[in-house]
Amino acid sequence: MMKTTWYGIRKREEKRMQIDEGRLLNLKVKNVERGNLISKDWCKRTIKRLVDATNMKAISQPMCVVYYDKENSENDGVSGVVIISTSHISLHAWLENKAIDITVNSCKDFSTSKVIEFCKEEFFTEDVFINVDVNKGGN
């Protein structure tokens with residue numbers, strides 16, 4: 001079983017770790033200002049900006065779904081995905097928890113630091129945690 005390590009990115013020195021290119025980037029963004037987290041329009045705009053931040057090419061329009069759980073409002077949120085020419089980008093946001101999970105999966109390297117900066121600026125928080133897999137071709 002593979003162990004996952006999450007790195008908190010709060011200080012400028014930490015974000016300059018040896019991880020500036022990636023193939024699979026998972027981000028957990030916490031303490032997000034609520035704003036319009038549960039909105040298809042917000043989700044689509046955010047995914048389009050993520051595509052730009054990674055310098056990727058979208059080959060589909062973002063698809064987003066809003067979900068309300070009648071039994072547990074902690075599950076209320078919005079999820080979206082876009083297919084890019086080298087794989088996909090997905091986003092899941094939870095209103096109650098003020099949290100967002102983002103995955104950028106690509107066969108092409110991209111700047112993880114640009115995506116981290118995008119998240120900090122877009123969501124007005126310093127609470128960004130990452131896990132990066134830089135394996136080429138699954139090796």
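Start with the contact map: residues 24 or more positions apart account for 64% of the contacts with a separation of 6 or more, a contact being heavy atoms within 4.5 Å. Two notes before you click on. This is a predicted model, in which local features need pLDDT of at least 70 and side-chain atom pairs count only at pLDDT 80 or more, while totals for chains, interfaces and linings use all residues. Residues are numbered from 1 along each chain as its sequence is written, and side-chain values use heavy atoms, leaving out hydrogens and water.

Now switch to cartoon view. You should find 3 helices and 7 strands, in the order β-α-β-α-β-β-β-β-α-β from the N terminus. Helices here are DSSP runs of H or I with at least four residues, strands are E runs of at least two, and both are numbered from the N terminus.

Next, colour by pLDDT, the predictor's confidence in each residue from 0 to 100. The protein averages 82, and 78% of the residues score at least 70. Helix 1 (residues 12-15) has the lowest confidence, at a mean of 41, and strand 4 the highest, at 96. Select residues 10-19 as well: the pLDDT there is below 50, and this stretch has 13 contacts beyond near neighbours in sequence.

Then select Leu27, Trp42, Leu91, Ile100, Ile102 and Cys119, the residues with the most contacts inside the largest nonpolar core, which has 31 residues. Such a core is a set of buried Ala, Val, Leu, Ile, Met, Phe, Trp, Tyr and Cys residues joined through side-chain atoms within 4.5 Å; buried means under 20% relative accessible area, with a 1.4 Å probe and protein chains only. Helix 2 gives the largest share of this core, 6 residues.

Zoom in on Cys119. Leaving aside residues up to four places away in sequence, Cys119 touches Leu27, Val29, Ile102, Phe124 and Val128. Cys119 is also one of the buried residues of helix 3, which include Val115, Ile116 and Phe123. Measure along that helix if you like: its 12 residues should span 16 Å, and its end C-alpha atoms are 16 Å apart, which agrees. The expected span is 1.5 Å times one less than the number of residues. Just after helix 3 comes Phe124, with a positive phi near 50 degrees.

Last stop: Ser39, in the loop between strand 2 and helix 2. Is Ser39 buried or exposed? Ser39 is buried, with a relative accessible area of 19%. Its side chain reaches the backbone nitrogen of Asp41 at 3.2 Å, and Ser39 touches Val66 and Val78, not counting residues up to four places away in sequence.

Definitions and conventions:
Buried means under 20% relative accessible area, exposed over 50%, partly exposed in between (1.4 Å probe, protein chains only). A polar contact is a pair of N or O atoms within 3.5 Å; within protein, one must be able to donate a hydrogen and the other to accept it, and residues adjacent in sequence count only if both atoms are side-chain atoms.
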